[in-house]
Amino acid sequence: MNFTTEQAALKPVLIQDNTFRDGHQSVLATRMRTEDMIPMAERMDEIGFWAMEVWGGATFDSMHRFLKEDPWDRPRILKNYIKKTPFSMLLRGQNLVGYRNYPDDVIRAFVDKACEVGIDIFRVFDALNDLRNFQTAVERIKTNGKHFEGSICYSLTERHMGGDVFNLNYYLDKCRELEAMGADTICIKDMAGLMAPYDTYTLITALKQEIQVPLHLHTHCTSGMAPLTCLKAIEAGVDIIDTCLAPLANSTSQPALEPFIVALQETEWDTGFSLESVLELDDFLEGILTKYHEFIATDKVADIDVGVLDHQIPGGMISNLKNQLKEANALHRLNDVYAEIPKVRTELGTPPLVTPTSQIVGVQAITNVLFGRYKIITNQVKDMVYGLYGKTPTPVDPEIHKKVLKGYRRGKTPVTGRAADYLGPELEKNRRKIGNLARTEEDLLTYSLYPSSGKEFLKYKYRVDE
Ligand code: CO
């Protein structure tokens with residue numbers, strides 16, 4: 001290739017850094033403190049990231065519950081040090097940063113406040129890929145003039161992309177819908193690390209022909225395929241990938257940034273990043289992380305989970321299953337539960353396995369194994385079959401439907417509208433309930449999302465004893 005054509009073809013891949021959110025969420029159980037981010041924040045701002053993910057996902061829960069930090073303070077504080085790089089957050093659609101659907105008044109107030117404390121880019125997803133669960137959040141993101149990154153959960157029913165449900169057309173249709181909703185970028189979110197490199201090449205190539213807005217890939221190294229997958233995505237023309245600094249990368253986290261800097265050097269996708277600057281940050285972060293060693297999983301020598309390639313159950317879900325089985329003195333039934341999960345998942349409408357559907361399917365699979373199939377049915381399963389989480393990718397099995405909704409307090413005929421249309425407003429009710437303990441709108445939102453642990457946190461924050 002001659003030098004001038006090479007220059008003309010330059011299309012650097014853009015990098016979102018996830019160290020301060022998914023990185024420590026995946027490796028350190030979301031325990032990294034704001035005070036440990038501050039000393040490296042200004043230098044992170046100089047690297048040239050497209051964005052830094054600093055909030056959302058489990059950070060809100062972990063901060064108020066375990067770290068006793070006010071979650072709202074983190075973006076506000078980091079903004080004092082990171083002035084050029086936009087801030088991104090992960091928003092679970094109508095679930096915000098919690099585990100259930102909140103009504104629209106809570107969604108509006110939350111998104112407005114998130115914009116105010118410094119979030120620039122909202123990566124929005126829904127566990128069922130029901131895009132009606134995006135509507136209220138997107139309306140507020142747009143009204144505030146912020147960036148809406150529409151996100152689709154990547155899921156499979158077979159080892160590779162295809163089959164009747166999660167095939168190429170499924171993703172093309174969902175991404176077209178997101179673009180029509182006004183997405184500024186579109187993200188394929190592979191929370192379990194299931195994306196195989198050549199499927200990704202096929203998918204990104206097809207999307208690039210259909211979709212005008214930039215494409216973003218989010219994946220996890222859990223199965224070991226992620227670096228290969230990212231490279232094939234780059235070759236297929238993906239615009240942005242997510243990485244972490246090496247100390248909080250790989251294993252169940254995102255791929256490390258550093259190999260991409262070197263691997264892409266002098267290609268058309270060259271990041272243009274200074275390896276030396278990044279290595280200095282790595283050294284610094286290694287030093288900081290020594291105090292978090294207790295949170296790093298050390299039960300296996302292999303740093304990838306090859307089982308995921310086989311049973312496709314996300315890493316976080318496996319540790320939950322094991323804990324729940326251990327409590328029931330039934331750890332020896334783990335393989336039965338692995339076999340039960342795909343059955344339950346199909347019967348309940350083939351949801352992608354991500355918070356909160358992974359938990360809903362997992363708990364029902366355990367009860368089926370321990371007590372007999374659908375002898376006990378959890379309330380979440382009833383709510384999901386009734387339609388309160390949204391529309392499942394496939395219809396619920398008719399026999400299971402009958403069993404699940406028998407005697408259900410809301411009735412036997414599922415609702416088909418947007419899930420939040422069945423929820424009344426909560427904010428003013430909560431304001432009366434919490435009274436003086438919530439001194440700001442931020443406090444009120446913390447309490448609205450997490451009534452029990454949020455209230456505990458507010459008592460701690462204001463040194464109120466009861
Ligand atoms: Co993730």
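In this predicted model, the residues Glu276, Glu280, Asp283 and Glu286 form a negative patch on the surface. One of these residues, glutamate 276, is placed in helix 12, which covers residues 275-289. Its relative accessible area is 54%, and because the threshold for exposed is over 50%, glutamate 276 counts as exposed.

From this surface feature the account turns to the metal site. A cobalt ion is coordinated by three residues: Asp22 through OD, His218 through NE2 and His220 through NE2, at 2.1 Å. Along the sequence, these donor residues follow the spacing D-x195-H-x1-H. Aspartate 22 belongs to helix 2 (residues 19-27), whereas histidine 220 sits in the loop that runs between strand 7 (215-219) and helix 10 (226-235); the pair therefore ties together parts of the chain that are 198 residues apart in sequence.

The accessibility of these two donors can be considered next. Aspartate 22 has a relative accessible area of 4% and is buried. Histidine 220, with a relative accessibility of 6%, is buried as well. Both assignments rest on the cut-off for buried, which is under 20% relative accessible area.

The backbone also deserves attention at several positions. Alanine 29 is not a glycine, yet its phi is positive, at about 50 degrees. This residue lies in the loop between helix 2 and helix 3 (34-45); helix 2 is also the element that holds the cobalt donor aspartate 22. With a relative accessible area of 34%, alanine 29 is partly exposed.

A positive phi is also found at threonine 350, another residue other than glycine, where the value is near 55 degrees. Threonine 350 is located in the loop between helix 15 and helix 16. Its relative accessible area is 5%, and threonine 350 is accordingly classed as buried.

The loop between helix 15 (334-347) and helix 16 (357-371) also contains proline 356. The peptide bond joining threonine 355 to proline 356 is cis, with an omega of about 5 degrees. This loop thus holds proline 356 as well as threonine 350 with its place between helix 15 and helix 16.

Conventions:
Residues are numbered from 1 along each chain as its sequence is written. This is a predicted model: local features need pLDDT of at least 70, side-chain atom pairs count only at pLDDT 80 or more; totals for chains, interfaces and linings use all residues. Side-chain values use heavy atoms; hydrogens and water are left out. Patches are made of residues with over 30% relative accessible area and no salt bridge: like charges are joined within 9 Å, nonpolar side chains (Val, Leu, Ile, Met, Phe, Trp, Tyr) within 5 Å. Accessible areas come from the Shrake-Rupley method with a 1.4 Å probe; for residues, only the protein chains shown count as cover. A salt bridge is a side-chain nitrogen of Lys or Arg within 4 Å of a carboxyl oxygen of Asp or Glu. Lys and Arg count as positive and Asp and Glu as negative; His and the chain ends are not counted. The place of a charge is taken as NZ of Lys, CZ of Arg, CG of Asp or CD of Glu. Helices (H or I, at least four residues) and strands (E, at least two) are DSSP runs, numbered from the N terminus. Buried means under 20% relative accessible area, exposed over 50%, partly exposed in between (1.4 Å probe, protein chains only). Donors are N, O and S atoms within 2.8 Å of the metal (3.2 Å for Na, K and Ca); water is not among the atoms, so sites may look incomplete.
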